[in-house]
Amino acid sequence: MDDLAPADFRELAQALKYCVLLHDARTFEILWANRAACRLLGWTVDELKPLKAPDMSKNARQYSRELGHRWLRQAVEHGVSATEWCYRSKDGEEILTEAIAIRVELSARAVVMVQFRDIAEEKAVQRDLFRTESRLRAFLGGLAEGIVVLDEGHRVLFASESAGRLLGGGLQGADFTAYCCDGAVPEREGRYRFAAPGREPRWYAATCQHIEIESDLHGRMVLFYDITDRVRAEEQHRRDTQHLDHLARYNAMGDMAMAIAHEVSQPLAAAYNFVEGVRGRLGQGSGDPSVAWGLDNAVRQIERARRILGSLRGYVGRLEESAQLTDLNTIVSDCAYFIDLRAQEHAVDVAFDLTTEPLPVLCENVLIGQVVMNLAFNAVDEMARCPRPERRVEVVTRRAADGGAELAVRDRGPGPPPDESIFDGVFTSKANGSGIGLALSHRIITRHGGHLHVHANEPRGAVFRFTLPTTRPPQDPRRTELP
């Protein structure tokens with residue numbers, strides 16, 4: 001560079017895009033300005049030389065002569081000093097600049113070289129960016145929806161403030177699978193249950209999409225919002241609909257029971273008259289004894305059918321008018337004859353284990369007997385499909401834990417279904433079954449203030465169990481409970 005003349009250095013300084021002002025290091029008077037500075041400020045070099053700080057700076061406290069001299073003095077003392085300085089051009093335009101003052105030791109004297117550039121546009125852009133960022137933060141902070149961005153390993157790269165409110169703090173960098181209660185990390189639109197470890201899960205509607213913002217943020221963005229109240233409302237509506245459906249079924253069964261009671265009573269009466277007529281023609285003590293035995297049992301069955309029909313009429317009408325104080329063990333004993341008949345047809349062993357203490361209940365004993373027989377008949381029919389050594393049904397009565405009367409029918413079949421839909425009037429495991437028997441049984445027990453439910457037997461099979469409230473406390477304080 002030794003072959004460059006001083007004029008060459010002057011041309012280089014004039015070609016700079018940065019504005020340059022030279023100040024005397026002692027008096028801070030302007031000595032020279034390059035072409036870029038003159039163009040920006042609108043002054044010539046000769047016009048700049050006599051100017052002082054108030055002549056070419058914004059009229060504001062932070063741009064006073066004292067502060068300007070202090071800035072230049074720092075450069076003299078420390079070699080360099082930077083600041084933001086607002087110059088005022090010849091036509092009065094205020095120009096915000098980024099200015100750097102550097103002390104330079106020339107052969108003739110020490111000078112301070114000030115390099116500056118217009119940063120008004122940059123400041124405006126920064127202000128716009130800051131304003132936009134502030135608004136975005138306010139918007140994101142006020143969102144009801146949470147936003148997380150996940151990498152390929154389901155790590156949280158970004159979590160919005162609203163996501164933290166919904167799922168708790170500590171999301172940033174966490175494994176999002178720990179927040180997914182059903183194990184599935186959202187990959188498509190749908191409903192999911194999220195919760196921080198140890199917190200109660202809530203339902204969220206989520207949408208997903210891939211994002212890639214330059215090189216520092218790319219992955220799967222999950223936007224989710226809380227719909228727990230909506231899901232609970234839908235579930236309640238579903239339960240209400242099921243309840244109304246149950247009521248409709250029960251009402252329909254009541255109407256059907258009344259129709260059956262009305263229509264069947266006439267052919268039963270006719271059948272009874274025919275049987276009595278046959279017995280009269282056979283004469284007392286004459287004829288085949290087996291025929292007489294068959295006729296006696298036919299009459300017994302017809303009489304029971306008539307009592308059932310009469311009970312149905314009272315049940316569909318007013319239960320209270322036909323209720324009687326009866327021992328549950330007595331009802332079971334009365335049903336044992338008919339249960340044994342059904343069991344003998346299918347070669348099924350039936351064991352009756354009745355408690356020795358009385359179990360007084362206020363009920364329509366014929367209808368409760370029908371429930372007992374229905375449960376027992378179902379168990380017998382279920383056992384009929386099993387190998388002969390396994391065909392065993394148990395009918396047990398006990399004092400319930402709450403003081404009520406309890407009956408259980410156990411079998412060793414395949415077991416109950418996974419839920420209690422068997423009581424809604426549509427379930428049956430029989431080829432020609434209607435599923436109405438269990439539904440009617442459930443309605444009868446419920447209307448008597450009791451409960452009917454089913455659970456698995458051990459080691460296999462099902463247990464149908466109902467309880468009825470007793471009319472008075474038991475005399476014997478000792479209680480035995482069904483296992």
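**Questions about a predicted chain**

Reader: What covers the buried residues of α5?
Author: Happy to start there, with the reminder that this is a predicted model. The cover includes strands from separate parts of the sequence: β1 (19–24), β3 (80–88), β4 (94–105) and β5 (110–118). So that we have the other side of the packing too, the buried residues of α5 are Gly68, Trp71, Leu72 and Ala75. Among what covers them, then, are β1, β3, β4 and β5.

Reader: Why do the buried residues of α5 line one face of the helix?
Author: An α-helix has 3.6 residues a turn, so residues three or four places apart point the same way. In α5 the buried ones are Gly68, Trp71, Leu72 and Ala75. Looking down the helix axis, these buried residues lie on one face because they fall within an arc of 90°.

Reader: Which exposed residues does the face of α5 turned away from its buried side carry?
Author: Good follow-up! Exposed here means over 50% relative accessible area. On the face turned away from the buried side, the residues that qualify are Glu66, Glu77 and His78.

Reader: How far apart are the end C-alpha atoms of α5, and what span should its 14 residues have?
Author: Helix α5 runs over residues 65–78, and a rise of 1.5 Å a residue sets the expectation. Its 14 residues should therefore span 20 Å, and the distance between the end C-alpha atoms agrees, at 20 Å.

Reader: Which residue follows α5, and what is its phi?
Author: Just after the helix comes a glycine, at position 79. Its phi is positive, near 95°.

Reader: Where does α11 bend, and by how much?
Author: Helix α11 (residues 328–345) reaches 26 Å from its first C-alpha to its last, close to the 26 Å expected for its 18 residues. Its buried residues include Cys335, Ala336 and Phe338. The helix does bend, though: at alanine 336, by about 40°.

Reader: Where in the chain is confidence lowest, and where is it highest?
Author: The chain averages a pLDDT of 83, and 83% of the residues score at least 70. Confidence is highest in strand β15 (residues 405–410), at 96, and lowest in helix α10 (residues 319–322), at a mean of 48.

Reader: How many contacts beyond four places in sequence does the model have for residues 473–483?
Author: Some caution is fair here, as pLDDT stays under 50 over this stretch. Residues 431–435 are also below 50, with 7 contacts beyond near neighbours in sequence. For residues 473–483, the model has 22.

Notes. Residues are numbered from 1 along each chain as its sequence is written. This is a predicted model: local features need pLDDT of at least 70, side-chain atom pairs count only at pLDDT 80 or more; totals for chains, interfaces and linings use all residues. Side-chain values use heavy atoms; hydrogens and water are left out. Helices (H or I, at least four residues) and strands (E, at least two) are DSSP runs, numbered from the N terminus. The expected span of a helix is 1.5 Å times one less than its number of residues. Buried means under 20% relative accessible area, exposed over 50%, partly exposed in between (1.4 Å probe, protein chains only). The arc is that of the directions from the helix axis to the C-beta atoms. Contact means heavy atoms within 4.5 Å. pLDDT is the predictor's confidence in each residue, from 0 to 100. The bend at a residue is the angle between axes fitted to the seven residues ending there and the seven starting there.
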